[in-house]
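The following account leads the reader through a protein model, from a single residue to the fold as a whole. Please keep the sequence and the coordinates at hand while reading.

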Amino acid sequence: MEPGNLTRVSEFLLLGLSEEPDLQPLLFGLFLFMYLVGVLGNLLMILAVSSDPHLHTPMYFFLSNLSFVDICFTSTTVPKMLLNIQTQSKVITYESCITQMFFFILFVVLDNFLLTVMAYDRFVAICYPLHYMTIMHPRLCGLLVLVSWIMCVLISLLHSLLVLGLSFCTDLEIPHFFCELNQVIQLACSDTVVIYMVMYFAAVLLEGGPLAGILYSYSKIVSSIHAMSSAQGKYKAFSTCASHLSVVSLFYLTSLGVYLSSAVTHSSQSSATASVMYTVVTPMLNPFIYSLRNKDIRRALERFFWVYTRTIILRLKKCP
């Protein structure tokens, strides 16, 4: 590429999901609704777990961390999209784009790691029930989450630093609603061989490793459940991991859908539309999956709302 075609980047243009003016109010309302529902649902999950002493167990500790990460995950992309629609501007500054990319990679990988840790937790609970509390002690749970955070920060930092070293051409339009790593790299005029090698190696390691861990955990869980003689015991054991299995399936199937969509259609617009599933819809559905399938969570939420409502009524009665 000739030097004349290079430019010092100060901003990118996010083209969004559609450039049709008539669709913008619909997209704004839809994404605002999904964002608020997702944040509120995950926030209620965190409050339910933290307010109920019966839920202070490893499984719910990891669940509350997943809910927090899901809030951060959607907050990385959706508010900027809503702001752009509202102001009718497609601009995102270079610094904001790199920052958004850093946090997006951080939280999507962290989601993956937490789902793997939760699979290990269910593996220990079902395969080694008598030693569960001994193995999954609070120090180990905290260490697993801390190590996941540190690894994800380092991985995200590596990708962001590699992007910072790229030079860009005059075409700075990103056919997406956020600064997606692959779309940004495609705008580069400098050599991208190294960053693509790092990307593919990281994708195999970070997707394949946790997926292998999850599959191994569930293969052992299925074997343990199959070996149980009691039908009631089998049902109880399966019900403890049904919600997690649903969330894992949703996460990986939507991620696979995005990959297949971009590979088959070769359309950036189709890929952007498909990515809505795992960036917005999945984090929104996670708290509903856990609350609908889990009696403990439902009871904790009912108790929380009862205490909260009673507190408000008492305060209103005290007011003159």
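Met151 is a residue of helix H5, which covers residues 138–164. The model is a predicted one, and the description below should be read accordingly. Met151 has a relative accessible area of 38%; it is classed as partly exposed because this value lies between the 20% limit for buried residues and the 50% limit for exposed ones. Met151 also belongs to a nonpolar patch on the surface, together with Leu143, Leu146, Val147, Ile150 and Leu154. The accessible area of the patch residues together is about 530 Å².

From this patch the view may be widened to the entire chain. The protein contains 10 helices and five strands. Its C-alpha trace extends over about 70 × 60 × 35 Å along the principal axes. Of the 320 residues in the protein, 46% are buried.

Two helix pairs illustrate how the helices are arranged. The first pair to consider is H1, residues 24–51, and H2, residues 58–87. Their axes are 9 Å apart, and the helices pack at an angle of about 160°. An angle over 145 degrees counts as roughly antiparallel, and H1 and H2 are therefore described in that way. The crossing in which H1 passes H2 is left-handed.

The second pair consists of H3, residues 94–127, and H7, residues 193–227. The axes of H3 and H7 come within 9 Å and cross at roughly 20°. H3 is therefore roughly parallel to H7, since the angle falls under 35 degrees. The crossing of H3 and H7 is left-handed.

Next comes the question of charged contacts. How many salt bridges does a search of the whole structure find? The search finds one. It joins the side chains of Asp121 and Arg122, with an N to O distance of 2.9 Å. Are the two partners buried or exposed? Asp121 has a relative accessibility of 1% and is therefore counted as buried. Arg122 is likewise counted as buried, because its relative accessibility is 7%.

Backbone geometry draws attention to Gln88. This residue is not a glycine, yet its phi is positive, at about 55°. Gln88 is located in the loop between H2 and strand S3, the latter comprising 91–93. With a relative accessibility of 76%, Gln88 counts as exposed.

Two further residues serve to relate separation along the chain to separation in space. Ile214 is part of helix H7, and its relative accessibility of 3% means that Ile214 counts as buried. Between Ile214 and Leu27 there is a sequence separation of 187 residues, and the C-alpha to C-alpha distance is 35 Å. Tyr259 is situated in helix H8, residues 231–265. Tyr259 counts as exposed, because its relative accessibility is 56% and the limit for this class is 50%. Tyr259 and Val39 are 220 residues apart along the chain, and their C-alpha atoms are separated by 26 Å.

Definitions and conventions
Residues are numbered from 1 along each chain as its sequence is written. This is a predicted model: local features need pLDDT of at least 70, side-chain atom pairs count only at pLDDT 80 or more; totals for chains, interfaces and linings use all residues. Side-chain values use heavy atoms; hydrogens and water are left out. Patches are made of residues with over 30% relative accessible area and no salt bridge: like charges are joined within 9 Å, nonpolar side chains (Val, Leu, Ile, Met, Phe, Trp, Tyr) within 5 Å. Accessible areas come from the Shrake-Rupley method with a 1.4 Å probe; for residues, only the protein chains shown count as cover. A salt bridge is a side-chain nitrogen of Lys or Arg within 4 Å of a carboxyl oxygen of Asp or Glu. Helices (H or I, at least four residues) and strands (E, at least two) are DSSP runs, numbered from the N terminus. Buried means under 20% relative accessible area, exposed over 50%, partly exposed in between (1.4 Å probe, protein chains only). Axes are lines fitted to C-alpha atoms, for helices over the stretch in contact, and angles run from 0 to 180 degrees between N-to-C directions. Angles under 35 degrees count as roughly parallel, over 145 as roughly antiparallel, 65 to 115 as roughly perpendicular and the rest as oblique. A crossing is left-handed if the near helix is turned anticlockwise from the far one by less than a right angle, and right-handed if clockwise.
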